[in-house]
Amino acid sequence: MIDTAFLVTSFVTLFVIIDPIGLMPVFLALTQGMTSRQRRAIALRASLTGVGILTVFALFGESVLGFIGISMPAFRVAGGVLLFLTALDMLFERRAARRQHQGDDIAPEDDPSVFPMAIPLIAGPGSIATVILLTGQHPGIEGLASVMAIVVAVILLMLGLFSISGLVERLLGPVGINVATRLLGMLLAALSVQFVLEGLRAFGFAN
């Protein structure tokens, strides 16, 4: 039986990593001038592609690591460090600036659903590392099903936010979105440290 604490922590971690709130202004920039129908289609394609990529890594990620001789505790420490760097990007606004730069490189007539929306904004290194770490904590069908259910829940929430992104952007404004992103960055930093401590504990370096 998967405990509630694991489900809550997994949801918060993936929500912070995928960062649907931070993706809203990028989504608006990438789909500027498009109709609502076109925006919905792009959001759906990006979401399905992202879920597909994360599913592959949730299913085979640990096997690939074992094949090349990397232990799960070592990957947990590395993943925690990676997530901490992502948190620093969010706290110091480097992540938002990089996303905006990625968006500016896409021509208006191009379809941004696969790149940069699905890769690397939804299924990036951080989210890929997270699903591998989470499925490693609870191996087996039940753990995999729980993690994928959480992935789908976060993606559905992201789709919901995309559908009202214009309204939310007007309500929050640049300052509100900036505050929300920094708060998520603080939470991610704490969660990433927890990943590192769990990896060190598996090696016997921490109690």
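**Helix packing and core of an all-helical model**

Among contacts in the protein between residues at least 6 apart in sequence, 86% join residues at least 24 apart. The model is predicted. The protein comprises 9 helices and 0 strands, and its elements follow the order α-α-α-α-α-α-α-α-α from the N terminus. Of the 207 residues in the protein, 47% are buried.

The largest nonpolar core contains 53 residues, of which Val 131, Val 151 and Phe 162 touch the most other members. Two or more residues of this core are given by each of α1 (4-18), α2, α3 (36-67), α4 (72-91), α6, α7 (125-137), α8 (141-163) and α9 (165-203). The largest share, 10 residues, is that of α8. When residues up to four places away in sequence are not counted, Val 131 touches Leu 14, Leu 54, Phe 57, Ala 58, Val 147 and Val 151.

Two helix pairs were examined for their packing geometry. Helices α1 and α8 pack with their axes 9 Å apart and at an angle of about 45°. An angle between 35 and 65 degrees falls outside the roughly parallel and roughly perpendicular classes, and α1 and α8 are therefore oblique to each other. Their crossing is right-handed. On the α1 side, the contact is made by Phe 6, Leu 7, Ser 10, Phe 11, Leu 14, Phe 15 and Ile 18. These residues meet Ser 146, Val 147, Ile 150, Val 151, Ala 153, Val 154, Ile 155, Leu 157 and Met 158 in α8. By class, 14 residues of this contact are nonpolar, 2 are polar and none is charged. Leu 14 and Val 147, both part of the contact of α1 with α8, are also among the residues touched by Val 131.

For helix α2 (residues 20-30) and helix α6 (residues 113-122), the packing angle is about 160° and the axes lie 11 Å apart. Angles over 145 degrees count as roughly antiparallel, and α2 and α6 are therefore assigned to that class. The crossing of α2 past α6 is right-handed. From α2, Leu 23, Val 26, Phe 27 and Leu 30 take part in the contact, where they meet Pro 116, Met 117, Leu 121 and Ile 122 of α6. The contact of α2 with α6 consists of 8 nonpolar residues, with no polar and no charged ones.

Pro 116, which lies in helix α6, also takes part in a cis peptide bond. This bond joins Phe 115 and Pro 116, with omega at about 10°. Pro 116 is thus described both by its peptide geometry and by its place in the contact with α2.

A further backbone feature occurs at Asp 19, in the loop between α1 and α2. Asp 19 is not a glycine, yet its phi is positive, at about 55°. The relative accessible area of Asp 19 is 1%, and the residue is therefore buried, the cut-off being under 20%.

Ser 192 in helix α9 likewise has a relative accessibility of 1% and counts as buried. With its neighbours within four places in sequence left aside, Ser 192 is in contact with Gly 80, Leu 83 and Phe 84.

Key: Residues numbered from 1 in each chain as written. Predicted model: local features only at pLDDT ≥ 70, side-chain atom pairs only at ≥ 80, totals over all residues. Heavy atoms only, no water. Axes fitted to C-alpha atoms, helices over the stretch in contact; angles between N-to-C directions. Helix = DSSP H or I, 4+ residues; strand = E, 2+ residues; numbered from the N terminus. Parallel < 35°, antiparallel > 145°, perpendicular 65-115°, else oblique. Left-handed = near helix turned anticlockwise from the far one by under 90°. Contact = heavy atoms within 4.5 Å. Nonpolar A, V, L, I, M, F, W, Y, C, P; charged D, E, K, R; others polar. Core = buried A, V, L, I, M, F, W, Y, C linked by side-chain atoms within 4.5 Å. Buried < 20%, exposed > 50% of the residue type's maximum accessible area, 1.4 Å probe, protein only.
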